[in-house]
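Please open the structure in a viewer and keep the selection tool at hand. The tour below moves from one stop to the next.

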Amino acid sequence: MVWWVLIGVAALAAALVKVFDRKVPGTLSKAVLLLWAVGPLVGTLWAIALLWQEWIGWRELALFVVLYFATGMGITLGFHRLLTHSSFETTPIVRGTVLALGCMAGQGRPIDWASNHLKHHAFADKEGDPHSPLEGLFHAHLGWFFSSEPADRERYGARLQADKLVSFMDRTTVVWLVLGLVIPYLVAGWTGFLWGGLVRMAFLNHATFAVNSICHAFGSRDFETKDESRNNWIVAALTFGEGWHNNHHAFPAMAYHGMSWRQFDPTAVTIRLLVWLRLARNVKLPRPELIARRKAGPAPTPATGD
Ligand SMILES: [Zn+2]
Ligand SMILES: [Zn+2]
């Protein structure tokens with residue numbers, strides 16, 4: 001085998017010498033050049049694939065991608081835009097499904113999540129904000145879980161606690177969380193558990209935390225809001241559109257955070273799909289005059305949490 005490869009390489013080298021000397025006909029020289037240009041690239045890809053199979057196979061990769069998307073939608077579409085901000089309405093089945101997916105993400109109970117987030121909107125980058133990077137980027141990213149008082153569920157989550165379905169999902173969070181780890185295990189064993197469970201959870205959680213840290217520190221500000229919120233396309237790409245965070249603070253109840261075709265927002269695409277399937281309605285969007293007025297200057301009244 002090794003000899004054949006060596007003979008092949010020697011033949012190719014000899015052919016290349018001929019090509020460079022322009023002593024072979026046009027078509028053949030092009031074919032040899034093509035082989036020379038593409039061959040090593042194919043070899044490199046092959047080598048990467050061999051290495052890849054040692055650490056992660058296609059089944060694990062598929063589990064990671066599918067569950068990252070599903071549980072990510074659970075957070076962005078379910079916990080955030082549907083539950084916290086009531087940006088649209090949907091059927092009980094869709095509501096239950098996206099909340100279950102959100103619970104699988106491993107970011108806590110839905111009513112706690114929504115309460116903390118409503119408190120963030122109420123005090124964004126001021127005294128009382130659970131996770132402002134003004135207290136340090138690490139605090140905003142992860143530290144606040146350890147040092148901030150959890151938001152008062154009675155105060156911020158009363159509306160949600162009164163909702164039977166939300167209350168049920170909240171009480172059964174651990175069941176869904178465990179299911180999110182058991183499913184990839186059943187599909188692909190321990191490596192499935194690893195990639196579809198733990199690695200997926202780590203990536204999604206840090207992407208979500210980046211909205212609280214990075215998107216209040218780095219990026220552009222299309223609207224003058226009374227906080228430090230930014231639009232950050234890298235975070236938006238990792239969080240299905242949540243990185244258009246300055247837009248979101250300018251219009252908290254707005255269902256579509258991406259406000260132009262250049263601001264890709266996969267969560268908005270999913271909501272549009274639900275509308276098209278007649279599974280979502282009353283999608284909240286600001287009037288164009290209001291957007292134009294806000295672009296021109298700061299808000300006339302303080303931003304509210306809804
Ligand atoms: Zn924010
Ligand atoms: Zn929000």
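Begin by selecting the zinc ion (ligand 1): its site is irregular, with angles of 98 to 151° among the four donor atoms. Four donors count as tetrahedral if all angles lie between 85 and 135 degrees, and as square planar if opposite donors are over 155 degrees apart and all others between 65 and 115; six count as octahedral under that second rule, and anything else is irregular. This is a predicted model, in which local features need pLDDT of at least 70 and side-chain atom pairs count only at pLDDT 80 or more, while totals for chains, interfaces and linings use all residues. Residues are numbered from 1 along each chain as its sequence is written, and side-chain values use heavy atoms, without hydrogens and water.

Next, display the NE2 atoms of His 120, His 216, His 245 and His 249, which coordinate the zinc ion (ligand 1) at 2.0 to 2.1 Å. Donors are N, O and S atoms within 2.8 Å of the metal (3.2 Å for Na, K and Ca); water is not among the atoms, so sites may look incomplete. His 120 and His 216 are both buried, that is, under 20% relative accessible area (exposed is over 50%, partly exposed in between; 1.4 Å probe, protein chains only).

Then select helix α13, residues 266–276; helices (H or I, at least four residues) and strands (E, at least two) are DSSP runs, numbered from the N terminus. Pro 266, Thr 267, Ala 268, Ile 271 and Leu 274 are its buried residues. Just after α13, Arg 278 has a positive phi of about 60°.

Finish at Val 178 in helix α10, which is partly exposed, with a relative accessible area of 42%.

Notes:
Chains are lettered from A and ligands numbered from 1 in the order in which they are written.
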